[in-house]
2 protein chains.
Amino acid sequence: MPEIRLNTITGDWVIIATERAKRPEDFSCQKEKRELPSYSERCPFCPGNESMTPDETFRIAKNGMWSVRSVPNKFSALSPVGNIEKSKDDFKYAISGVGLHEVIIETPQHNMTTALLPVEQVYDILLTYQNRMLAFYSDPRIEHVIIFKNHGVGAGTSLEHPHSQIVGIPVFPGQVMGRLGEAIRNYYYVNFGECLYCTYLKGELRDGSRIVAENDSFVAFVPYAALSPFHLWIFPRKHDACFASIDEKQLLDLSYILKDILLRLYKGLDNPDFNYMIRSLSPRGADSKYFHWYIAIVPRVSQAAGFELGTGMFINTALPEESARFLREAI
Amino acid sequence: MPEIRLNTITGDWVIIATERAKRPEDFSCQKEKRELPSYSERCPFCPGNESMTPDETFRIAKNGMWSVRSVPNKFSALSPVGNIEKSKDDFKYAISGVGLHEVIIETPQHNMTTALLPVEQVYDILLTYQNRMLAFYSDPRIEHVIIFKNHGVGAGTSLEHPHSQIVGIPVFPGQVMGRLGEAIRNYYYVNFGECLYCTYLKGELRDGSRIVAENDSFVAFVPYAALSPFHLWIFPRKHDACFASIDEKQLLDLSYILKDILLRLYKGLDNPDFNYMIRSLSPRGADSKYFHWYIAIVPRVSQAAGFELGTGMFINTALPEESARFLREAI
């Protein structure tokens, strides 16, 4: 009998289709992979080609070279220049597409992937995220900032060289508002003054069957109602609504656990395409009691079709407990 | 300057990335296509192979043959047998995966597509949808029913023979609940007692620039804040929360406009992969004042990546007015 589980964080139900379930091994992405060179002369993100990108906004220097750099996105979805103009004409509400959009170049090496980088390099990437998020939020036009990585064609990337993106938008996304509303309701009416995410994390730790890795500051797990196979969350143990508030020790612990989890996916599923997203609110907000920042990792091993588009619900063909066990044993 | 538009139906913002925008022609799916045979002896949906599917639940007969038939899905995501058992263990809420899942075989012809079917055949498909939706909702275990079609590999289908699916679930999806909440709020506080969707449709008709086709009962348009290129909605003019309530005249008008729109996509974009979904509530509900059923069509010409997963917002690289003009001129 399949089971329908409630994802209390997103407020939605997930069908765990155990009858259709595949073995974890069956999700392995054993498609033929092209060997990449460590340097590509036409790649705008490779060392020596710095002039092919817009002017750098931040750089971490090491041994006379850069380790990580951030640059404005040449194909930005939003315009960095201009004021916010609002217009309402009949039923048409619009805001001018002002915003910030940068690319974070994660390593000088063209053919690398986070899973295989030294922890110090992952630390530099996260430090850059923190710097850019704070810089973005210091722009009063920016309402919300999202940091994400698209790895592989199936996850929507068009450039091979390892990079992530940060986008600052002048509106607050409806989906995030919905999540925040859910968190506030839970804070007051369900948990009597405790953060929904803190409560949830305690539950996952008590249960234990879906935990993949943990350290002093973070816990990585396949959630009880994971939306898709190997869907993972990395939660900070310390309550905070904003990623950019983390201290040096947490940043280092995050480097370890992020690399560890991505390595488990890399080895267990043979370098799958994936997205990860840092879900965070602004450091300005007064809402820090309710929301809890975290990282969501979505390996692209299944596809959303009409059912998912039409209901917002997901059908997960892998048992979360088995996905977690598989990843625990992957290295 | 890009523009960020509010989708008042979904309550979310959409970035219309005009600087990145492609010409409508650039979305054409000119990948090489395999010629399909009109009959395949191993296809469970081809005539003569009826024994390969579970027992038929409904059939429309014509000239001694079937025109459309529905059968339980052999690989159902939910179990049709059993009672709803609810369990709550600590933070884990679950409901047994009881539900209905059928496949609607749209034509005996293996290599057909809705765009090229005679209108009478499209009528038979819609009549089957109506019959199955009413049958599903007559099962007291079913809280919500979704009808959808996945066309092409990029839209998540695994079988070539034209078919759609209907799923009845024992829970009410969070996303649909969110939309309903938005509609109720608008009914009372924004529109003072008028359906959000009726109000919205009047606006689109007044504006006119995104209308693609219309007839006595339906209007097909690219919404002002379309989530993706060529994203389309077909709204009934008559207010009703449930698709299954439509009468014969409406069913016929819907056959014409659905075929017409799919033909425009077929010709204009060279047979793109697409999903369509019928968004509807139950005929039982007392909520019929607020919600308005409709069909959403999503050609899969763009890909959701980290930005979309992390914010729920979309970046549309096509101007909705241009997508609409292109489809108006496509036939």
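## A buried strand in chain B

Strand E7 of chain B, residues 100-105, pairs with E9(B) in the antiparallel sense, and six bridges hold the pairing. The model in which this pairing appears is a predicted one. One pair of facing residues between these strands is His101(B) and Val167(B), the latter in E9(B). E9(B) also has strand E8 of chain B, residues 144-151, as a partner: five bridges join the two, which run antiparallel. Here Ile147(B) stands opposite Ile166(B) of E9(B).

Strand E9 of chain B covers residues 163-169, and seven of the seven are buried, so the strand is largely enclosed by the rest of the structure. The burial applies to both faces of E9(B). On one side are His163(B), Gln165(B), Val167(B) and Ile169(B), and on the other are Ser164(B), Ile166(B) and Gly168(B). Val167(B), which faces His101(B), and Ile166(B), which faces Ile147(B), therefore belong to opposite sides of a strand that is covered on both, and the strand as a whole is largely enclosed because seven of its seven residues are buried.

## Chain A as a whole

Chain A has six helices and 15 strands. Its radius of gyration is 20 Å, close to the 20 Å that the globule rule gives for 331 residues, so chain A is as compact as a globular protein of that length. Along the principal axes, the C-alpha atoms of chain A fill a box of roughly 60 × 55 × 40 Å.

Of the 331 residues in chain A, 51% are buried. Contacts in chain A between residues at least 6 apart in sequence can be sorted by separation: 70% of them join residues at least 24 apart.

## A loop residue and a distant part of the sequence

Pro24(A) gives an example of residues far apart in sequence that come together in space. This proline is in the loop between strand E2 (12-16) and strand E3 (58-62) of chain A. Pro24(A) is buried, because 21 other C-beta atoms lie within 10 Å and the cut-off for a buried residue is 20 or more.

Pro24(A) and Arg325(A) are 301 residues apart in sequence, yet their C-alpha atoms are 9.4 Å apart in space. Leaving aside neighbours within four places in sequence, the contacts of Pro24(A) are Ala318(A), Glu322(A), Ser323(A) and Phe326(A).

## The nonpolar core

The largest nonpolar core has 194 residues. Those with the most contacts inside this core are Leu232, Ile234 and Ile261, in chain A and in chain B.

Leu232(A) can be followed further. With neighbours within four places in sequence set aside, Leu232(A) is in contact with Val212(A), Ala220(A), Phe221(A), Val222(A), Ile261(A) and Ile297(A). Among these partners, Ile261(A) is itself one of the residues with the most contacts inside the core.

## How the two chains fit together

A turn of 180° and a shift of 0.0 Å along the axis lay chain A on chain B with an RMSD of 0.0 Å. The two copies are thus related as by a two-fold rotation axis. In chain A, the C-alpha nearest this axis belongs to Gly178(A), at 4.1 Å. Both copies use the same surface, as 98% of the contact residues of chain A recur in chain B.

The contact takes 61 residues from chain A and 60 residues from chain B. On the side of chain A that touches chain B, 31 residues are nonpolar, 20 polar and 10 charged. Strands also pair across the two chains: strand E1 of chain A (residues 3-7) and strand E6 of chain B (residues 92-96) are antiparallel and share three bridges. In this pairing, Ile4(A) has Ile95(B) of E6(B) as its bridge partner.

Terms used: Residues are numbered from 1 along each chain as its sequence is written. Chains are lettered from A and ligands numbered from 1 in the order in which they are written. This is a predicted model: local features need pLDDT of at least 70, side-chain atom pairs count only at pLDDT 80 or more; totals for chains, interfaces and linings use all residues. Copies are superposed by least squares on the C-alpha atoms of residues with pLDDT of at least 70 in both. Two residues are in contact if their C-beta atoms, placed from the backbone, lie within 7 Å. Ala, Val, Leu, Ile, Met, Phe, Trp, Tyr, Cys and Pro count as nonpolar, Asp, Glu, Lys and Arg as charged, and the others, Gly among them, as polar. Two strands pair if DSSP finds at least two bridges between them. Helices (H or I, at least four residues) and strands (E, at least two) are DSSP runs, numbered from the N terminus. A nonpolar core is a set of buried Ala, Val, Leu, Ile, Met, Phe, Trp, Tyr and Cys residues joined through C-beta atoms within 7 Å. A residue is buried if 20 or more other C-beta atoms lie within 10 Å of its own, exposed if 12 or fewer, and partly exposed in between; C-beta atoms are placed from the backbone. The radius of gyration is taken over C-alpha atoms; the globule rule is 2.2 Å times the number of residues to the power 0.38.
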